[in-house]
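These notes are meant for a colleague who is meeting this structure for the first time. Please read them beside the sequence and the model.

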Amino acid sequence: MRLGYIYSALGQSFHSPFECPFFGISRPHASGHSIFLDTGNVPDALENPVLSRPLLQIDGRGSLLFRVPGVASYLLTDRNSITISAKDDTYLPRALDFLRGTPAALICLQQGFTPLSAICLAYHGRSFLLWSPPGTGKTSLAMALVQRGFSWMADGLCALDMSAGHPIIWPGFPVLKLWPDSLHALAIAPPREGPGPGGRFVISADPWYEAEPQPLAAALLLRPAHGGISTRSQRLHGGAAFEAVAKMTSLPAVTHALGADPEILRSTARMADAASVLDCRYPAGLNNLDAAADWLMDQMVSAQGGI
């Protein structure tokens, strides 16, 4: 396989014979475990799977088969190889878009990291995790924080590494997606390419991207609410902190099938114990975006011990 491009994300180096949009800047060398991408034939099913779901199968050797109906199938083998079978060549960009989600999270698990479904930002050498249910405006809020001096690390997938004895967050891919009204509220010009299939614009985060792993300062459970509520931040401890952090972990069924449950639980508990875990309530809506970002920045700086 001709290896023309090398990208770094999630503590891995992705080697590809073709350019991968929104994977970041290709570099001659990259650190981390090498993952090799290519296109090719992917079987319809694995033999003797130990986990079989409509879109995902895992066999006893650690091979994983993941399908996105109408777009592509992905076969992960030998812990370092991903074969992509797209519907046709025109679907390869969409196949790479989906690869940055579940297949990349599966790679994290296989390499001993804990995949986290959260936005991650960096500030003065520390990282911050932001989590809330889908559709609550956390990406818009995170982008408002970037406009206040934070760096971008991940939109939806990053990797927790506890090998050093304290939580380190490896950045995900330098890309985010925003709705048109969010772009307007943030005064960001829409990309010329237009919105993606779902209606959101795909934005490169390269200008604000922090490519190096950062120690974790705080994990924030965001709870935007309607009805004229006032802002409120509460530090969580013990079981409450663990439950909040556990919301960020990905792929519980896969974790169980791979036998990684104990390690994931240990990593989650140690992260909850080592970092500040905050429950943050603030008024919802784009009309409150600037005030919410200013207030949340104060909470994050305070959690870091002040700057």
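A residue is called buried here when its relative accessible area is under 20%, exposed when that area is over 50%, and partly exposed in between. The model is a predicted one, and the points below should be read with that in mind.

1. Helix H3, which covers residues 138-146, is a good place to apply this definition. The buried residues of H3 are Lys138, Thr139, Ser140, Leu141, Ala142, Met143, Ala144, Leu145 and Val146. Because nine of the nine residues of H3 are buried, the helix is largely enclosed by the rest of the structure.

2. Serine 182, in helix H4 (residues 180-185), can be read together with H3. Leaving aside residues up to four places away in sequence, serine 182 touches Ser140 and Leu286, and Ser140 is one of the buried residues of H3. Serine 182 itself counts as buried, at 5% relative accessibility.

3. Helix H2, made of residues 102-110, is also largely enclosed by the rest of the structure, since eight of its nine residues are buried. Those buried residues are Pro103, Ala104, Ala105, Leu106, Ile107, Cys108, Leu109 and Gln110. Glycine 112, which follows H2, has a positive phi, near 85 degrees.

4. Which residues touch the most other members of the largest nonpolar core? They are Tyr74 and Ile84, in a core that numbers 37 residues. H2 gives the most to this core, contributing five residues. Apart from this core lies another, of 35 residues, which includes Ala144, Ala218, Cys280 and Ala292. In soluble globular proteins, nonpolar side chains tend to be buried together.

5. The surroundings of tyrosine 74 deserve a look of their own. When residues up to four places away in sequence are not counted, the residues that tyrosine 74 touches include Val42, Leu64, Phe66, Arg94, Phe98 and Leu99. Ile84 and Pro103 are also among the residues touched by tyrosine 74, and Pro103 is one of the buried residues of H2.

6. Several strands can be followed from one to the next. Strand E2 (residues 12-16) pairs with strand E3 (residues 33-39) in the parallel sense, over four bridges, and histidine 15 has phenylalanine 36 in E3 as its bridge partner. E3 in turn is joined by four bridges to strand E8 (residues 81-86), and these two strands also run parallel; here the bridge partner of leucine 37 is isoleucine 82 in E8.

7. Is glutamine 12, in strand E2, buried or exposed? Glutamine 12 is buried, because its relative accessible area of 2% falls under the 20% limit. The side chain of glutamine 12 reaches the backbone oxygen of leucine 10 at 3.1 Å.

8. The structure holds one cavity of 30 Å³ or more, and the largest cavity contains about 40 Å³ of space. Its lining is formed by Ile35, Leu76, Thr77, Arg79, Asn80, Ser81, Ile82, Ile107 and Gln110. Strand E7 (72-77), E8 and H2 each supply at least two residues of this lining.

9. The loop between E7 and E8 contains aspartate 78 and arginine 79. Most residues other than glycine have a negative phi, yet aspartate 78 has a positive phi of about 60 degrees, and the phi of arginine 79 is positive as well, near 65 degrees. Aspartate 78 is exposed, with a relative accessible area of 68%, whereas arginine 79 counts as partly exposed at 46%. Arginine 79 also belongs to the lining of the largest cavity.

10. Strand E15 (residues 175-178) and strand E16 are joined by four bridges and run antiparallel, with lysine 177 opposite valine 202 in E16. Along E16, residues 201-204, the side chains alternate, so that Phe201 and Ile203 point to one face and are buried, while Val202 and Ser204 point to the other and are not.

11. Glycine 125 is found in the loop between strand E10 (119-123) and strand E11 (126-131). Glycine 125 is partly exposed, with a relative accessible area of 39%. Beyond residues up to four places away in sequence, glycine 125 touches Gln214 and Pro215. The C-alpha atoms of glycine 125 and isoleucine 188, which are 63 residues apart along the chain, are separated by 26 Å.

Methods:
Residues are numbered from 1 along each chain as its sequence is written. This is a predicted model: local features need pLDDT of at least 70, side-chain atom pairs count only at pLDDT 80 or more; totals for chains, interfaces and linings use all residues. Side-chain values use heavy atoms; hydrogens and water are left out. Buried means under 20% relative accessible area, exposed over 50%, partly exposed in between (1.4 Å probe, protein chains only). A polar contact is a pair of N or O atoms within 3.5 Å; within protein, one must be able to donate a hydrogen and the other to accept it, and residues adjacent in sequence count only if both atoms are side-chain atoms. Contact means heavy atoms within 4.5 Å. Two strands pair if DSSP finds at least two bridges between them. A nonpolar core is a set of buried Ala, Val, Leu, Ile, Met, Phe, Trp, Tyr and Cys residues joined through side-chain atoms within 4.5 Å. On a 1 Å grid over the protein atoms alone, a cavity is a set of points where a 1.4 Å probe fits but cannot get out, and a pocket is an open set with protein on both sides within 12 Å along at least five of seven lines; lining residues have an atom within 4 Å of a point. Grid points are joined across faces, edges and corners, and a volume is the space filled by probe spheres set on the points.
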